[in-house]
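Dear colleague,

I am passing on the structure below, together with some notes on what turned up when I went through it. Please read them with the model open beside you.

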Amino acid sequence: MNATLSYAAFDRTSPFGPFSFVRRDPGALDVQFEILFCGVCHSDLHTARGEWPGTVYPCVPGHEIVGRVTKVGPEVKGFKVGDLAAVGCMVDSCKTCASCQAGFEQYCDNNDITFTYNSVDKHLPGKRTYGGYSSQIVVDERFCLHVPENLDLAAVAPLLCAGITTYSPLKHWGAGHGKKVGVVGLGGLGHMGVKLSHAFGAHTVLFTTSPGKAEDGLRLGADEVVISKDAAAMKKHTASFDMILNTVAASHNLDAYTSLLKRDGTLVLVGMPEHSHPSPDVGNLLHKRRAIAGSMIGGIAETQEMLNFCSQHNIASDIELIPIQKIDEAYERMLKGDVKYRFVIDMASLKA
Ligand code: NAP
Ligand code: ZN
């Protein structure tokens with residue numbers, strides 16, 4: 001019996017509350033660790049409030065998890081008791097298909113990904129996976145990440161989702177010196193997108209609906225900030241971007257951004273709103289061979305690469321630390337765009 005404390009959503013609308021459950025005892029290849037900090041992603045809100053189909057209650061969200069190892073299985077090679085460890089959005093996949101073998105577990109060809117929460121738990125029949133708003137986790141070593149020691153641990157937590165979800169597409173679409181990259185939305189993902197795009201050497205332009213965030217945008221690494229409601233300011237950037245990374249968590253018109261792409265430029269969607277975006281204007285796409293693409297988190301090896309990159313460049317999240325008891329309030333503030341720039345739960349508060 002591996003009793004675990006947590007905070008759970010019990011239905012779409014009620015406030016979070018305490019919930020106890022049992023995690024599996026660590027198997028031969030498992031790492032067990034005490035969760036010290038867990039970031040709060042907008043995906044947690046989409047899931048807890050049933051905005052995406054398929055939420056099973058009680059639901060324990062949280063996929064930006066860092067902590068300290070308390071136990072390892074006999075065949076674990078990379079971790080020992082006392083090490084720092086981290087888990088992101090996935091805890092398992094088929095591991096055998098071409099995508100998994102190539103390090104793209106997030107695009108598993110067999111659609112056999114076990115997400116950190118709200119997935120079928122392969123180890124506990126009839127149960128769902130429970131995430132990081134909890135006291136501890138047990139995870140296959142192959143889905144466990146090493147945490148850089150030189151960064152503030154609480155500020156590292158959001159790298160496990162917000163960090164990798166922006167790092168992966170920026171790398172894939174070649175953000176770097178000589179490239180002009182836009183980042184839409186200055187929230188959890190967006191602020192990591194700005195920091196990473198800047199670190200890759202791209203000319204980085206932040207698009208925000210919040211004039212009050214302009215100064216922060218520049219401080220975080222943007223070369224320019226555009227208030228996206230200002231049509232004249234938007235027009236100045238027509239047909240000039242190599243890539244625009246869109247992190248917005250709500251449905252909106254994409255044409256305002258596709259028209260800013262130059263020939264062969266790509267608008268990459270990472271935000272996944274409850275309601276789809278209006279269908280984009282096709283003429284806008286074919287006139288300059290522009291593309292709209294999507295990207296989901298990143299593979300395990302790439303997540304470790306991102307953590308190492310952040311360690312070398314001294315990059316972590318700008319966070320507001322909260323006790324777990326303030327999770328509902330944090331969700332309300334997230335909906336208002338009032339996050340600077342990621343809430344992180346201090347899991348010590350769970351014992352209070
Ligand atoms: P967040 O912290 O709430 O940030 C979203 C930002 O979008 C806001 O801060 C706001 O920035 C902007 N925004 C503009 N209009 C908005 C509106 N009407 N409603 C909400 N936001 C609006 O969210 P996040 O944690 O970064 O997540 C963003 C999205 O990415 C979510 O849909 C989430 O589920 C998704 N996600 C996807 C992946 C993936 O693998 N693709 C991974 C993680 C999360 P301004 O104030 O600057 O305009
Ligand atoms: Zn996330």
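Into which domains is the chain divided? In this predicted model, domain 1 is made of two stretches, 2-161 and 317-351, while domain 2 covers 162-294. The centres of domain 1 and domain 2, taken over C-alpha atoms, are separated by 28 Å, and the contact between them draws on 16 residues from domain 1 and 19 residues from domain 2.

On the interface of the two domains, the area buried between domain 1 and domain 2 comes to about 1,400 Å², with carbon and sulfur atoms contributing 49% of that area. On the side of domain 1, the residues that lose the most area to domain 2 are Cys 161, Asp 318 and Tyr 341, which together account for 40% of what that side buries.

Asp 318 appears again when one turns to charged pairs, since Asp 318 forms a salt bridge with Lys 195, in which the closest N and O atoms are 2.6 Å apart. The rule finds two salt bridges across the interface of domain 1 and domain 2, and it also finds 17 residue pairs in polar contact there, counting pairs in which both residues have pLDDT of 80 or more. As for composition, the side of domain 1 that touches domain 2 is made up of six nonpolar, four polar and six charged residues.

The other matter I would draw to your attention is ligand 1. Which of the 29 residues around ligand 1 come nearest? They are Thr 208, Thr 209, Ser 210, Lys 213 and Arg 342. For Thr 208, a polar side-chain atom lies 2.6 Å from an oxygen atom of ligand 1, whereas Met 272 and Ile 297 approach through their backbones: a polar backbone atom of Met 272 is 3.0 Å from an oxygen atom of ligand 1, and a backbone N or O atom of Ile 297 lies 2.8 Å from an oxygen atom of ligand 1. On its own, ligand 1 has 910 Å² of accessible area, and the protein covers 88% of it.

With kind regards

Terms used. Residues are numbered from 1 along each chain as its sequence is written. Chains are lettered from A and ligands numbered from 1 in the order in which they are written. This is a predicted model: local features need pLDDT of at least 70, side-chain atom pairs count only at pLDDT 80 or more; totals for chains, interfaces and linings use all residues. Side-chain values use heavy atoms; hydrogens and water are left out. Domain bounds come from an automatic or database domain assignment. Contact means heavy atoms within 4.5 Å. Buried area is the accessible area (1.4 Å probe) that two parts lose on being put together, summed over both. A salt bridge is a side-chain nitrogen of Lys or Arg within 4 Å of a carboxyl oxygen of Asp or Glu. A polar contact is a pair of N or O atoms within 3.5 Å; within protein, one must be able to donate a hydrogen and the other to accept it, and residues adjacent in sequence count only if both atoms are side-chain atoms. Ala, Val, Leu, Ile, Met, Phe, Trp, Tyr, Cys and Pro count as nonpolar, Asp, Glu, Lys and Arg as charged, and the others, Gly among them, as polar. A residue is near a molecule or strand if one of its heavy atoms lies within 4 Å of it. Accessible areas come from the Shrake-Rupley method with a 1.4 Å probe; for residues, only the protein chains shown count as cover.
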